[in-house]
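Trainee: I should like to work through this structure with you, one question at a time. May we begin with a single residue and then widen the view?

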Amino acid sequence: MKYLERGYLEKDELPPFPSKERLRKKSVAYIECPQPIPCSPCYEACPADAIKMENINDPPEVDYEKCTGCMKCIRVCPGLAIFMLRLRNGGIGEVTLQYEFLPWLKKGDRVRLLNRKGEIVGEGVVNWVLPPERNDHTSLVRVEMPAELIFEVRAVKPVEVRK
Amino acid sequence: MPMTRFEDGRLQEHPILEFERKREVTIYFNGKPIKAYEGETVAAALYAAGIRVFSRSFRWHRPRGFFCAIGKCSACMMEVDGIPNVRTCKTYVRDGMQVRTQSGVPDAEKDVFAVFDNIIDRFFPHGSHYKKFTSPKPLRNFVTRQLRKMTGFGNPPKATFGGKAGYEEIDVDVLVIGGGSGGMSAAINAGKYGAKVLLADENPFLGGQLVKQTHRFFGSARHRAGTRGIRIAKILEEEIAKLENVDVRKETWVFGIYSREVGAFQRGDEDKLLRIRAKKIVVATGAYERTLVFENNDLPGVYGAGGVQTLMNVYGIKPGNIGLIVGSGNVGLILTYQLRQAGVEVAAIVEAMPHIGGYFVHAAKVRRLGIPIYTRHTILKALGKRSVEGAIISKLDENWKPVKGSERRIDCDFICVAVGLSPTHELLYQAGCEMKFVPEVGGIVPLRTRYNETTVSGIYVAGDVAGIEEATAAIMEGRIAGIHAATTLGYGGDEAKQELEEAVKDLEEFRAGPFGERICQGLEKCVIGSEVRI
Ligand SMILES: Cc1cc2nc3c(=O)[nH]c(=O)nc-3n(C[C@H](O)[C@H](O)[C@H](O)COP(=O)(O)OP(=O)(O)OC[C@H]3O[C@@H](n4cnc5c(N)ncnc54)[C@H](O)[C@@H]3O)c2cc1C
Ligand code: SF4
Ligand code: SF4
Ligand code: FES
């Protein structure tokens, strides 16, 4: 389990990608939670029976065809391990992630895009948020970025710090 | 970099927490006025005012700061309103309070005896006080008196006790000692079947360690996973409030178990001594933090991870500008994330093992913020004179020895030691419970049945004191201990007995994964046959 030496997943350790067609249809949950830990709220939250988990210690596995993109799982995941992914037309992609820092991000904010190691890989724009007060202080932030980055970007930081 | 506003050392905003600061008061530290807010401890207020040296060590007069912030290490002892050896991390500020450091001349900060650190071994090697200045008698008396003063054990109280001292005798079915997740759960589960319960905790709030856990918990939804630790504390407290037969005593410190009678001291408008006669006792006193051996590990600025959490998440005080975290278990990883949420930088996490100790998802959370995790690394020393100014870390080889030439300086102004906890088991020893050293569960723990009853019949354990695990397991153990105590007293009937078996099964299932493996190995060494029948 090399990922436990580094604290991030390398390409060959990632879960299978959803198909391009699926990613174009609507957003889909992509879960990066490979280690068996006693945790199951994502599985319990899913109304579409899209998350497979044999027992509480079993890592979750998403059936991308069953996933409706409802975002119930990403709202509760304590591991911040779920990302909603989507492809739009014109080479644009979207990643929705959990965000718990000040200042809170708002629609229209420009953000730096960080990969799993915290390296800056580009810039994006926030195009939707679930405000923190609607989800016990975990905001959901959807960020628009170049399509090829949706399997890389896993954190964002505001470009300029507002007063 | 996320920005969070600070003012006078205190966080003014936080993504998750709201700090309610009560009335502003003034306390006096070695005569100097210090601003504080009611509800803050003396140590927290001093820290916010930039004070880092709280005491001096006995022999070498090395500076000491706080370490644990929960009353377990005694590094923060000072003279408060004329009373010596008061733990300032457990003492709440009051307007006009006089606080003095009790070691060092003129005070702990500028102690002139600090020169001892360099010379004392040359002139007075260890044990020499048995041989030097022993006669004539007047000289011995004189030297003894001066030495006592220098060590900083404090002077005899100048103040006489001014409060009113009351006394109360209480009879209960079940006494629960400790109001953390384990204790609260025990009180709820014994109480719901009708047992008369008293829950005592030394803090002015319930929740134990939960009150600083701002993150969402793991487990299943049934175990309140996905809910923040701080909210779980509130939910449990509300459940307790609904039970009329559960009496909650906060600021109540249990100091002794004398067969089935218990002595406690309750603070309040009237301080009083409690004599509690209990048919069953659940000990849920939690754990304290371990430290680690490295050069200068006693320097102010080297803190327990939980101590920093308390300072930051309970009192809203900024621990420093940039920290180094030692240990990559869940506590170290979560603390790192919480520091960033409070707008504090983290230079790195070092971990001696070849892999991360905590959950991968916790590590990934901080790694993607650009915080390096150095596995197979350790801290060699802390740098600085009166407080931490940096640290030297080094790689470790396969034999856990530092690799020469791999040393590297890390700039930081505080260091958090997150290398594990040890059970707070003193009361169990005193009660005569049979104890055993089981490293898998964190150290010396009591032998117990599968219903968490110790070898002293009627005394139960729940939570970290029974073995270091986590809050969900503590809640489940509290449930088992609470129901067993109630049902053996005749409460609850078949329903309770049935729930008890379910509770035991639930916990077994919870521990069935790889993370529970070590716990289970440990438990095999300390769970005795279930001779306690129901
Ligand atoms: C940084 C960190 C992160 C954690 N993350 C998680 C997590 O994600 N999920 C999870 O499940 N768990 C987590 N935990 C663990 C969890 O918080 C603890 O395991 C749990 O709180 C233990 O509960 P307890 O009741 O045994 O002890 P505590 O919560 O420590 O409570 C003990 C109580 O007893 C009181 N007490 C002690 N002695 C006396 C006495 N003599 N008289 C009166 N009162 C006394 C203390 O004041 C305290 O309130 C975390 C812990 C830490 C430190
Ligand atoms: S987004 Fe909705 S449907 Fe898809 S996995 Fe999550 S909870 Fe299930
Ligand atoms: S809720 Fe999150 S951390 Fe828990 S199992 Fe699901 S993906 Fe993993
Ligand atoms: S006892 Fe106060 S800091 Fe440890």
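Trainee: Is E32(A) buried or exposed?
Mentor: In this predicted model, E32(A) has a relative accessible area of 6%. A residue counts as buried under 20%. Because its value is 6%, E32(A) is buried.

Trainee: Which side chains make a polar contact with the side chain of E32(A)?
Mentor: E32(A) sits in the loop between β1 (28-31) and α3 (41-45) of chain A. Leaving aside neighbours within four places in sequence, its contacts include L9(A), F83(A) and, from chain B, F360(B) and V361(B). One polar contact of 2.8 Å leads to the side chain of R116(A). Another, also listed at 2.8 Å, leads to the side chain of R154(A).

Trainee: How many charged residues are in the shell around ligand 3?
Mentor: Ligand 3 lies between chains A and B. The residues around it include C33(A), C39(A), C42(A) and C77(A), together with F218(B). By class, the shell has 11 nonpolar residues and one polar residue, while the number of charged residues is none.

Trainee: Which residues in domain 2 of chain B lose the most area to domain 3 of chain B?
Mentor: Domain 2 of chain B is assigned as 165-288 + 424-526, and domain 3 as 291-419. Their contact takes eight residues from domain 2 and 13 residues from domain 3. About 920 Å² is buried between the two domains, with 61% given by carbon and sulfur atoms. On the domain 2 side, 57% of the buried area comes together from K212(B), F218(B) and F515(B).

Definitions and conventions:
Residues numbered from 1 in each chain as written. Chains lettered and ligands numbered in written order. Predicted model: local features only at pLDDT ≥ 70, side-chain atom pairs only at ≥ 80, totals over all residues. Heavy atoms only, no water. Near = heavy atom within 4 Å. Nonpolar A, V, L, I, M, F, W, Y, C, P; charged D, E, K, R; others polar. Helix = DSSP H or I, 4+ residues; strand = E, 2+ residues; numbered from the N terminus. Buried < 20%, exposed > 50% of the residue type's maximum accessible area, 1.4 Å probe, protein only. Polar contact = N/O pair within 3.5 Å; in protein donor to acceptor, adjacent residues only side chain to side chain. Contact = heavy atoms within 4.5 Å. Domains from an automatic or database assignment. Buried area = accessible area lost by both parts, 1.4 Å probe.
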